[in-house]
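Me: I'd like to practise reading a protein model. Could we go through some labels and ask what earns each one?

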Amino acid sequence: MTPSRRSLLAAGTTGALALTAGCLDFVLGNGPLEFDARRAAPTDAALAETGYEETQVEEQSIDETIQAGVERDVRASMWLSLYSKARNLQGETIDASVFAAVSIPAIEVAGRSFNPIENMSNEELLEEVMNRAGDDFGSVKNIGHEESFGLDILGAGREVDVFSGETEYNGRTVEVEISLASFAHEEDLLILVGSHPKPFAEESANVEVLMESVEHPV
């Protein structure tokens with residue numbers, strides 16, 4: 001794999017506003033313009049190979065008020081798919097390794113992008129995914145970028161950023177590794193995140209297997 005650098009977020013374009021019956025309510029201010037993401041997920045074969053199990057699949061909503069000449073409402077749906085792997089950590093079996101696949105519609109209105117995460121930094125993007133995932137990722141602090149490398153995902157070369165961080169478990173600090181890939185595909189923005197304690201170094205390879213297997217739309 002060849003190390004490389006990039007700007008993480010590359011928002012795609014979709015659904016440019018057109019004066020059709022479908023968006024007439026939006027134009028007149030009588031209703032929101034709606035965008036629906038399509039789910040992304042690793043294959044069953046990859047989950048079986050790596051030992052991860054599905055823990056949560058949820059469609060969530062994003063409501064935004066935008067300025068497109070006048071103030072208008074936009075409603076979007078996003079998909080969050082979570083997977084975990086039980087490992088023995090400090091003498092206790094817990095879901096220590098986690099993988100998430102998130103899909104958010106790439107929103108464009110009248111030629112302007114209104115993607116809610118477009119201007120987030122890498123650390124903010126990680127925080128957003130972890131917040132939406134709830135307790136599955138836990139609380140990770142002192143996040144710092146370590147390296148970047150390339151993977152073939154959904155038929156194209158994608159950049160994966162690797163971060164390190166720290167979390168608390170049973171009163172002790174545990175170092176974690178987090179891998180993140182973000183890119184536009186089929187009118188959605190996909191975010192793939194894998195996290196595991198650094199002592200389980202072999203999980204890095206499993207995260208790569210899961211990322212490379214991702215299908216979209218499912």
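Me: Why is the pair E54 and R39 called a salt bridge?

Reply: Happy to help! This is a predicted model, and in it the closest N and O atoms of E54 and R39 are 3.7 Å apart. The cut-off is 4 Å between a side-chain nitrogen of Lys or Arg and a carboxyl oxygen of Asp or Glu, so a pair within that distance earns the name.

Me: What makes this pair a tie between separate parts of the chain?

Reply: E54 lies in strand β2 (residues 53-68), while R39 is in the loop between β1 and α2, so the pair ties together parts that are 15 residues apart in sequence.

Me: Why is E54 called exposed, and why is R39 called buried?

Reply: Exposed means over 50% relative accessible area, and buried means under 20%. E54 has 51%, so E54 counts as exposed. R39 has 18%, so R39 counts as buried.

Me: How do you know that E186 and R38 form a salt bridge?

Reply: Try the cut-off again: their side chains meet at 3.6 Å, N to O, which is within 4 Å, so the name fits. This pair links distant parts of the chain, 148 residues apart. E186 sits in the loop between β9 (172-185) and β10 (188-197), and R38 in the loop between β1 (33-36) and α2 (44-50).

Me: Why are E186 and R38 called partly exposed?

Reply: That label covers values between the buried and exposed limits of 20% and 50%. E186 is at 44% and R38 is at 35%, so both labels follow.

Me: What makes R87 and E202 a salt bridge?

Reply: Here the N to O distance is 2.8 Å, so this pair also meets the 4 Å cut-off. R87 is in strand β3 (residues 70-89) and E202 in the loop between β10 and α4 (203-213), 115 residues apart. Salt bridges that share partners join K85, R87, E202 and E203 into one network.

Me: Is R87 buried or exposed, and what is E202 called?

Reply: R87 has 18% relative accessibility, under the 20% limit, so R87 counts as buried. E202 has 42%, between the two limits, so E202 is partly exposed.

Me: How many salt bridges does the structure hold, and how many helices and strands are in the chain?

Reply: The structure holds seven salt bridges, and the chain has four helices and ten strands. Buried residues make up 47% of its 218 residues.

Terms used. Residues numbered from 1 in each chain as written. Predicted model: local features only at pLDDT ≥ 70, side-chain atom pairs only at ≥ 80, totals over all residues. Heavy atoms only, no water. Helix = DSSP H or I, 4+ residues; strand = E, 2+ residues; numbered from the N terminus. Buried < 20%, exposed > 50% of the residue type's maximum accessible area, 1.4 Å probe, protein only.
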